[in-house]
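Opening a fresh page for this one. I want to look up how the helices pack and where the charged side chains pair up.

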Amino acid sequence: TTELIAYVAAVLAVVVTAFAVSDNGNNTADPFSAEQALRYITFLTIGYMIARGLAKSGSRSNTRDND
């Protein structure tokens, strides 16, 4: 569960940062655009799925145990 909490916190941090950082009405490029935010969220999701896969592959419990 701590992995899930860390993942959700990181995604929320990316979303809040994407909303907070803006060009303030100037005609300049957005320093942290929605496209970049989605890219970072995708990277976080891939990392979370890999971490869960590694955690599950290392578990020793057998689903066929009848005890």
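**Salt bridges first**

I started with E3 and R52, whose side chains form a salt bridge at 3.1 Å, N to O. E3 sits in helix 1 and R52 in helix 2, so this pair ties together parts 49 residues apart in sequence. Worth a note straight away: this is a predicted model, and I'm reading the distances with that in mind.

Next I asked myself whether E3 is buried or exposed. It falls in between: E3 has 31% relative accessibility, and because the partly exposed class runs from 20% to 50%, E3 counts as partly exposed. R52 gets the partly exposed label too, with a relative accessible area of 29%.

How many salt bridges does the count come to? Two, so I went looking for the other one.

**The other pair**

That turned out to be E35 with R39, again 3.1 Å from N to O between the side chains. Both residues are in helix 2, four residues apart, which means about one helical turn separates them. On accessibility, E35 is exposed with a relative accessible area of 54%. R39, at 37% relative accessibility, goes down as partly exposed.

**Helix on helix**

Then I pulled up the packing itself. Helix 1 covers residues 2–20 and helix 2 covers residues 34–57. Their axes are 10 Å apart, and the packing angle is about 175°. The cut-off for roughly antiparallel is over 145 degrees, so helix 1 is roughly antiparallel to helix 2.

I listed who meets whom. From helix 1, the contact uses E3, L4, Y7, A10, V11, V14, V15 and A18. From helix 2, the residues are A37, Y40, I41, L44, T45, Y48, A51 and R52. Sorted by class, the contact of helix 1 with helix 2 has 13 nonpolar residues, one polar and two charged. E3 and R52 are both on the contact list, and they are the salt-bridge pair I began with.

**A closer look at A18**

Last stop was A18, which is placed in helix 1. What does A18 touch, leaving aside its neighbours within four places in sequence? The program gives F32 and A37. A37 I had already met as a helix 2 member of the contact list.

I also checked A18 against E35. The two are 17 residues apart in sequence, with a C-alpha to C-alpha distance of 9.5 Å. E35 is the residue that pairs with R39, so I've jotted the A18 distance next to that salt bridge in my notes.

Notes: Residues numbered from 1 in each chain as written. Predicted model: local features only at pLDDT ≥ 70, side-chain atom pairs only at ≥ 80, totals over all residues. Heavy atoms only, no water. Axes fitted to C-alpha atoms, helices over the stretch in contact; angles between N-to-C directions. Helix = DSSP H or I, 4+ residues; strand = E, 2+ residues; numbered from the N terminus. Parallel < 35°, antiparallel > 145°, perpendicular 65-115°, else oblique. Contact = heavy atoms within 4.5 Å. Nonpolar A, V, L, I, M, F, W, Y, C, P; charged D, E, K, R; others polar. Salt bridge = Lys/Arg side-chain N within 4 Å of Asp/Glu carboxyl O. Buried < 20%, exposed > 50% of the residue type's maximum accessible area, 1.4 Å probe, protein only.
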